[in-house]
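Here's a walk through the model, one neighbourhood at a time. Keep the sequence and the 3D view side by side as you read.

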Amino acid sequence: MPDATAFLYRTNDQLPSHLFVASVFETSPSLVDISDPLDEQYTLPSAPKRTNIDADAATKEKQAKEDAKHLTTAMVWSVTGDHILAATNKGRLNLIDPNTHEIIWSEKICSSAVTTLRLTGSGRELLVNSIDRIIRTFHVPNLSAEDLDPDTIQMPLEHKFQDVVNRLSWNHVTFSATGEYVAASTYNNHELYIWERNHGSLVRMLEGPKEEQGVIEWHPHRAMLAACGLETGRIYIWSVASPQRWSALAPDFVEVEENVEYIEREDEFDIHPQEEINKRRLDLEDEDIDVLAMDSRKGYDEDLGGTDFRMPVLYDLGASDSEEEFEHVSTGTVRRRSLGEGRDGEDVEEDKPTATKKAAASRSARAKKK
């Protein structure tokens with residue numbers, strides 16, 4: 001008999017997996033322990049947990065007939081391995097204790113058979129795919145809590161994903177590595193659908209080969225999605241194409257979003273012989289370099305548009321507006337007169353015109369006598 005699904009549980013990272021569950025087609029599911037050379041197989045129940053234990057014989061007989069119709073179609077281990085989540089063909093979700101092999105909690109989550117159960121890495125979100133063409137996500141409580149009470153367990157519905165227009169069915173579903181997205185392959189179609197979980201909106205439809213895709217899996221660490229073609233069995237991989245950044249290879253390379261008109265220099269892209277390039281280099285080496293002249297382009301003159309500071313120098317002392325005066329000491333050397341010297345100098349200057357008049361009068365008197 002073919003197995004519908006089979007899931008291994010790793011009890012320790014250093015030890016190999018030795019427990020797995022299998023939902024077998026048209027028969028009861030099994031828990032298999034392969035730690036010993038002779039494996040041990042335990043049959044797990046599929047019928048939901050009944051709360052009305054004190055019902056009459058007629059009611060119990062009716063319930064027994066209904067329970068016989070329940071078949072487990074999908075199973076998955078909890079993250080910690082403390083419980084097994086199993087779904088039936090009647091839309092029931094059962095929580096099974098792997099130690100006692102009994103159902104401790106049961107609830108109806110949809111009206112048709114469940115085909116796929118998936119958990120996020122944290123184990124707090126459950127993804128359910130059923131043949132009613134609706135994908136559902138549920139919040140899962142902490143099943144490894146010490147004070148867990150099966151009578152108080154609740155798994156509220158989070159989102160419903162479906163194609164309202166085309167009414168497509170889904171072959172397989174999966175969570176992304178972080179659990180933020182849900183991906184699904186479509187029945188009798190080649191497209192893959194991706195929804196965002198926070199808002200429940202469709203964000204992308206992946207197209208590729210014109211082949212219907214079956215099982216899909218998301219990479220545990222990267223933005224990569226793999227799917228298996230139903231017709232050829234080929235594995236197709238979708239990934240995010242990272243844009244090539246040329247600026248990382250050339251520091252002077254500038255990336256532009258739109259085309260920009262560029263006018264090249266006349267000789268910018270000319271190809272010159274190597275001999276001419278060497279000759280130009282030698283000519284530049286023979287050029288005389290003037291290290292004494294000042295480059296006006298790097299000066300500090302405000303008239304040339306400079307903004308740097310230059311110490312003001314007065315080359316013509318006679319053009320000074322200062323009250324202090326200077327006197328020549330030697331060739332090319334001047335000094336500032338003191339205040340006393342300035343006053344004495346002013347008196348001498350005032351006496352000079354009087355002395356000149358007296359000298360001119362004496363010369364005139366001598367000339368008359370003669």
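Let's start with Tyr 193, which counts as buried because its relative accessibility is 4%, and the cut-off for buried is under 20%. Bear in mind throughout that this is a predicted model. Tyr 193 has an aromatic partner, Trp 170, and that residue is buried too, at 6% relative accessibility. The two ring centres sit 5.2 Å apart with the planes at 70°, so this pair is edge-to-face. In sequence the partners are 23 residues apart: Trp 170 belongs to strand 13 (residues 170-175), while Tyr 193 belongs to strand 15.

That's one of four aromatic pairs in the structure. Another brings together Phe 161 and Trp 195, with 5.3 Å from centre to centre and 35° between the planes, which makes it a tilted pair. Phe 161 comes from strand 12 (residues 157-161) and Trp 195 from strand 15 (residues 192-196), so this contact ties together parts that are 34 residues apart in sequence. Are these two rings buried or exposed? Phe 161 is buried, with a relative accessible area of just 1%, and Trp 195 is buried as well, at 4%. Put the four rings together and you get one aromatic cluster, made of Phe 161, Trp 170, Tyr 193 and Trp 195.

Now for the nonpolar cores. The largest one has 20 residues, and those with the most contacts inside it are Leu 85, Leu 93, Leu 117 and Leu 126. Which strands feed this core with at least two residues each? They are strand 5 (72-77), strand 6 (84-88), strand 7 (92-97), strand 8 (102-108), strand 9 (114-119) and strand 10 (125-130). Strand 9 gives the largest share, three residues. There is also a second, separate core of 11 residues, and here you'll meet some familiar names: Trp 170, Tyr 193 and Trp 195 are among its members, along with Leu 127.

Next, the charged side chains. The structure holds five salt bridges, and a few are worth a look. Arg 197 pairs with Glu 158, with the closest N and O atoms 2.9 Å apart. Arg 197 sits in the loop between strand 15 and strand 16 (201-206), whereas Glu 158 is in strand 12, so the bridge ties together parts that are 39 residues apart in sequence. Arg 197 counts as buried, at 9% relative accessibility, but Glu 158 counts as partly exposed, at 22%. Glu 125 joins in as well: Glu 125, Glu 158 and Arg 197 are linked in a network of salt bridges.

Elsewhere, Arg 136 and Asp 132 meet through their side chains in a salt bridge of 2.8 Å, N to O. Arg 136 is buried at 6% relative accessibility, and Asp 132 is buried too, with a relative accessible area of 17%. Compare that with Glu 276 and Arg 280, whose side chains form a salt bridge of 2.9 Å, N to O. Here each partner is partly exposed: Glu 276 at 33% relative accessibility and Arg 280 at 42%. Both lie in helix 2 (residues 274-286), four residues apart, which is about one turn of the helix.

Let's turn to strand pairing, beginning with strand 2 (residues 19-24). Five of its six residues are buried, so the strand is mostly covered. Strand 2 pairs with strand 3 (residues 30-33) in the antiparallel sense over four bridges, and Leu 19 stands opposite Asp 33. What joins them is a hairpin with five residues between the strands, where Glu 26 takes a positive phi near 55°.

Last stop: an open sheet of three strands in the order 17-18-19, with antiparallel pairing. Its edges are strand 17 (213-218) and strand 19 (235-239), each of which pairs on one side only. From one strand to the next, the twist averages 25°. Strand 18 (residues 224-229) pairs with strand 19 over five bridges, and one bridge to look for joins Met 224 to Ser 239 in strand 19. As you follow these strands, remember that in a regular strand the side chains alternate between the two faces of the sheet.

Note on methods:
Residues are numbered from 1 along each chain as its sequence is written. This is a predicted model: local features need pLDDT of at least 70, side-chain atom pairs count only at pLDDT 80 or more; totals for chains, interfaces and linings use all residues. Side-chain values use heavy atoms; hydrogens and water are left out. Two strands pair if DSSP finds at least two bridges between them. Axes are lines fitted to C-alpha atoms, for helices over the stretch in contact, and angles run from 0 to 180 degrees between N-to-C directions. A nonpolar core is a set of buried Ala, Val, Leu, Ile, Met, Phe, Trp, Tyr and Cys residues joined through side-chain atoms within 4.5 Å. Buried means under 20% relative accessible area, exposed over 50%, partly exposed in between (1.4 Å probe, protein chains only). Rings of Phe, Tyr and Trp (its six-membered ring) pair if their centres lie within 6.5 Å; planes under 30 degrees apart count as stacked, over 60 as edge-to-face and the rest as tilted. A salt bridge is a side-chain nitrogen of Lys or Arg within 4 Å of a carboxyl oxygen of Asp or Glu.
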